[in-house]
Amino acid sequence: PLIGYILLFCGFFALSSVGTALDLQGKSVTPTMKSYWRQTAASLAILPMTIHSLRRDGLPKLSWKQWILFPLAAMAFGYMTTSFVVALSMTSLANTVVLANLTSLVIIIAKGVMGLPVLFLEGSGALIGVTGAVICSRDTTASNHDSIDVNDDSRALAGNIIALSASFGMAAYLVIAKSLRPRCDLFVFMFGIFFISSFLVLAFML
């Protein structure tokens, strides 16, 4: 349906612009604070819809194991967003965006390691992702933070590794969320993820 393509385009636009938006906040804001602001703003934005869903349907009916998985999903999501902005302060915007969005590649590799079948199109997409990551990794130019030495290859390498770890965080989040999301209203689920992860990031800052 048309609404699906509209949502896909909006998601693509938001994903491609978040790195630039975070980078424009400058060096005066710490990476963890940027992540905290992001989680808090997102939870406040969907709070009215969440309240409406809770008044209509009540709390999600989850087992105790699923309630335990909920904060784990929030932890994985919070790690992904925080490592993304930390990497953004250490390496280039291009490297951060590409390496932090190799989630599909991580999942495909995991499927191969576990002996699960990998489709040809999945493998082709993973190959394209690796090629793009290699090309972008040749760019050692840092982000717009004036305090970063653009010739500090070791710092850029550490930033690349942290950005790549964000893909693993997102992969863990998606695996957990796959079992939880069908049992929860969309707004209730996402509010819980944003709300819990914001407190986890705040605890990390303290």
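**Salt bridges in the predicted model.** In this predicted model, the count of salt bridges comes to 2. Arg 56, Asp 57 and Asp 185 are joined into one network by salt bridges that share partners.

**Close-up of the pair Arg 56 and Asp 57.** The side chains of Arg 56 and Asp 57 meet in a salt bridge, with an N to O distance of 3.0 Å. Arg 56 is partly exposed, its relative accessible area being 49%, and Asp 57 likewise counts as partly exposed, at 44% relative accessibility.

**Close-up of the pair Asp 185 and Arg 56.** A salt bridge of 3.4 Å, N to O, joins the side chains of Asp 185 and Arg 56. Because Asp 185 lies in the loop between H8 and H9 while Arg 56 belongs to helix H3 (residues 47–57), this pair ties together parts that are 129 residues apart in sequence. Asp 185 is partly exposed, with a relative accessible area of 24%.

**The largest nonpolar core and the helices that supply it.** The largest nonpolar core has 23 residues, and those with the most contacts inside it are Phe 70, Phe 77, Tyr 173, Phe 189, Met 190 and Ile 193. At least two residues of this core come from each of helix H4 (64–88), helix H8 (153–180) and helix H9 (186–205), and H4 gives the most, with 8 residues.

**Surroundings of Tyr 173, and another core.** Leaving aside residues up to four places away in sequence, Tyr 173 touches Ala 73, Ala 76, Phe 77, Phe 189, Met 190 and Ile 193. Apart from the largest core lies another core, of 5 residues, among them Ala 87, Leu 99, Leu 102 and Ala 163.

Conventions. Residues numbered from 1 in each chain as written. Predicted model: local features only at pLDDT ≥ 70, side-chain atom pairs only at ≥ 80, totals over all residues. Heavy atoms only, no water. Core = buried A, V, L, I, M, F, W, Y, C linked by side-chain atoms within 4.5 Å. Buried < 20%, exposed > 50% of the residue type's maximum accessible area, 1.4 Å probe, protein only. Helix = DSSP H or I, 4+ residues; strand = E, 2+ residues; numbered from the N terminus. Contact = heavy atoms within 4.5 Å. Salt bridge = Lys/Arg side-chain N within 4 Å of Asp/Glu carboxyl O.
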